[in-house]
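Biologist: Please take a close look at one loop for me, and then follow the strands beside it into the rest of the fold. I'm new to this, so spell out the terms as you go.

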Amino acid sequence: MHGSSTTLWGLSLLLLIALVAPPARAQDCNCTTQSGFLLRTLEYNGQKHRYQVFVPPDYTPERTWPVILFLHGAGERGTDGFKPTAVGIGQAIRMNVERFPAIVVFPQVPPGRAWFGEQAEVAMAALDEVMATYSVDPERVYLTGLSMGGHGTWYVAYHWPDRFAAIVPICGFVVFPETARGFFGELPPGQMEIQSAEDPYRKVAERIKHLPIWVFHGADDPVVPVEASRRMVEVLRELGADVQYTEYEGVGHNAWDPAYAEQALMPWLLSHRRPKK
């Protein structure tokens, strides 16, 4: 038992080092040849924003690659550029990198902000910068996020409905729940356009009903009520959208770990292509 405990402790230490070790800085490497989690800096409206990009170990510019834009939750806000990779899809990639044959973009919002207004624009600018740097397939661009980033997934898809081939919102919301009111400060016009609509769910659904969508939520979520996803899925289905819904019984707010662990998720996501215009 002692030897087994030592082995487990050693593995835990290695995992901790992998999670907290500072990633390579973009200025320290030729990022078109390195793989793994790479730190980059984007300048937008005169402000610098750190973000990360995950490049698969077998990346080669000889082929085009799908791209996933990931929007983190409230707990990963900051300016370090690293925390967004520690929860959600970043953690899932570290657990089993072979399941994620795609480039993944990890923008970050600063404290007290959320994925709307300028921060959503920054996320899209990071996506565009990565797409200009690597060999990517513009018809295979995907969007996903959790909690605050689940809300961001609905918001970004609403404002850029023709950029993505499919989206995956996890424990997200369209209408701010009581637990989130006032949490993100004053809402910008783009967000109020949705919040003040007679039926915010239908307003968003009408814009994105052409997208394949897979929604996840925990049935016992104490932070974002599960009704937030149920209602959105209901409206999308009324409009004939291609939407799947997975609700985890007995799961609270953390629906992202089981969602990103779903064996069918990545094959489903990467199978979709944005229609050519």
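Modeller: Let's start at Asn 45, which sits in the loop between E2 and E3. Those labels are for DSSP runs, numbered from the N terminus: helices are H or I runs of at least four residues, and strands are E runs of at least two. Before going further, keep in mind that this is a predicted model, where local features need pLDDT of at least 70 and side-chain atom pairs count only at pLDDT 80 or more, while totals for chains, interfaces and linings use all residues. Residues are numbered from 1 along each chain as its sequence is written, and side-chain values use heavy atoms, with hydrogens and water left out.

Back to the loop. Asn 45 isn't a glycine, yet its phi is positive, at about 50 degrees. Asn 45 is also exposed, with a relative accessible area of 57%. (Exposed means over 50% relative accessible area, buried means under 20%, and partly exposed is in between, using a 1.4 Å probe and protein chains only.)

Ser 147 makes a nice comparison: this non-glycine residue has a positive phi too, near 55 degrees. Its spot is the loop between strand E6 (136-146) and helix H4 (148-159). Ser 147, though, counts as buried, at 11% relative accessibility.

Now for the strands beside our first loop. The structure holds 10 aromatic pairs, and one of them joins Phe 37 and Phe 54, a tilted pair with 5.1 Å from centre to centre and 45 degrees between the planes. Phe 37 belongs to strand E2 (residues 36-44) and Phe 54 to strand E3 (residues 47-55), so this pair ties together parts 17 residues apart in sequence. (Rings of Phe, Tyr and Trp, taking the six-membered ring of Trp, pair if their centres lie within 6.5 Å; planes under 30 degrees apart are stacked, over 60 edge-to-face, and the rest tilted.) Phe 37 and Phe 54 are both buried. They also belong to one aromatic cluster with Phe 70, Phe 106 and Tyr 260.

Phe 37 has another partner: Arg 94 lies over the face of its ring, 4.1 Å from the ring centre. Arg 63 does a similar thing with Trp 65, at 3.6 Å from the ring centre. (A charge sits over a ring if NZ of Lys or CZ of Arg is within 6 Å of the ring centre and within 35 degrees of the ring normal.)

Follow the cluster to Tyr 260 and you reach some empty space. Tyr 260 helps line the largest cavity, along with Ile 68, Ile 89, Thr 144, Val 168, Leu 265, Met 266 and Leu 269. Helix H9 (residues 265-270) gives the largest share of that lining, three residues.

One last wide view: the protein has nine helices and nine strands, and 52% of its 277 residues count as buried.

How values were computed
1 Å grid on protein atoms, 1.4 Å probe; cavity = no way out; pocket = protein on both sides within 12 Å on 5 of 7 lines; lining within 4 Å.
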